[in-house]
Amino acid sequence: MSSAPASDPQHPQPEPRPEAAPAPRPKPRLVFDDPLDQQSSDDTDRGWGERPASAGSAADLARFLDEKPPHHV
């Protein structure tokens, strides 16, 4: 049996620091604006799936093939 102390008193173990708690998230602001004053994506041609205008027969062919009804395949 050894009579040596369990830990070396000259080199104490550093105590683990508690983890810093993450900063609380700010609550979302309440916005009291009129939502009908803002334009939605449905108010635009792009919102309805329209493509931007392009010139060229290759673009016309691609649109024709994309929009062809299934019974015309």
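Below are three exercises with worked solutions on a predicted model of a protein chain.

**Exercise 1.** State how many helices and strands the protein chain has, and what share of its residues counts as buried.

Solution.
- Step 1: the protein chain contains one helix and zero strands.
- Step 2: the chain has 73 residues, and 0% of them count as buried.
- Step 3: the area that the protein chain exposes is about 8100 Å². Carbon and sulfur atoms supply 56% of that area.

**Exercise 2.** Find the salt bridge in helix α1 and classify the exposure of R63 and E67.

Solution.
- Step 1: side chains of opposite charge can pair when their charged atoms come close.
- Step 2: the cut-off for a salt bridge is a nitrogen of Lys or Arg within 4 Å of a carboxyl oxygen of Asp or Glu. Between the side chains of R63 and E67, the N to O distance is 3.1 Å, and they form a salt bridge.
- Step 3: the count by this rule is one salt bridge.
- Step 4: both residues, R63 and E67, lie in helix α1, where they are four residues apart, about one turn of the helix.
- Step 5: exposed means over 50% relative accessible area, and buried means under 20%. R63 is partly exposed because its relative accessibility is 40%. E67 has a relative accessible area of 53%, so E67 is exposed.

**Exercise 3.** Name the residues of the nonpolar surface patch, then place L61 in the chain and classify its exposure.

Solution.
- Step 1: L61, F64 and L65 make a nonpolar surface patch of about 310 Å².
- Step 2: L61 belongs to helix α1, which covers residues 57-67.
- Step 3: the relative accessibility of L61 is 48%, so L61 counts as partly exposed.

Conventions. Residues numbered from 1 in each chain as written. Predicted model: local features only at pLDDT ≥ 70, side-chain atom pairs only at ≥ 80, totals over all residues. Heavy atoms only, no water. Patch = residues over 30% accessible without salt bridge, like charges linked within 9 Å, V, L, I, M, F, W, Y side chains within 5 Å. Areas by Shrake-Rupley, 256 points an atom, 1.4 Å probe, with all protein chains shown as cover. Helix = DSSP H or I, 4+ residues; strand = E, 2+ residues; numbered from the N terminus. Buried < 20%, exposed > 50% of the residue type's maximum accessible area, 1.4 Å probe, protein only.
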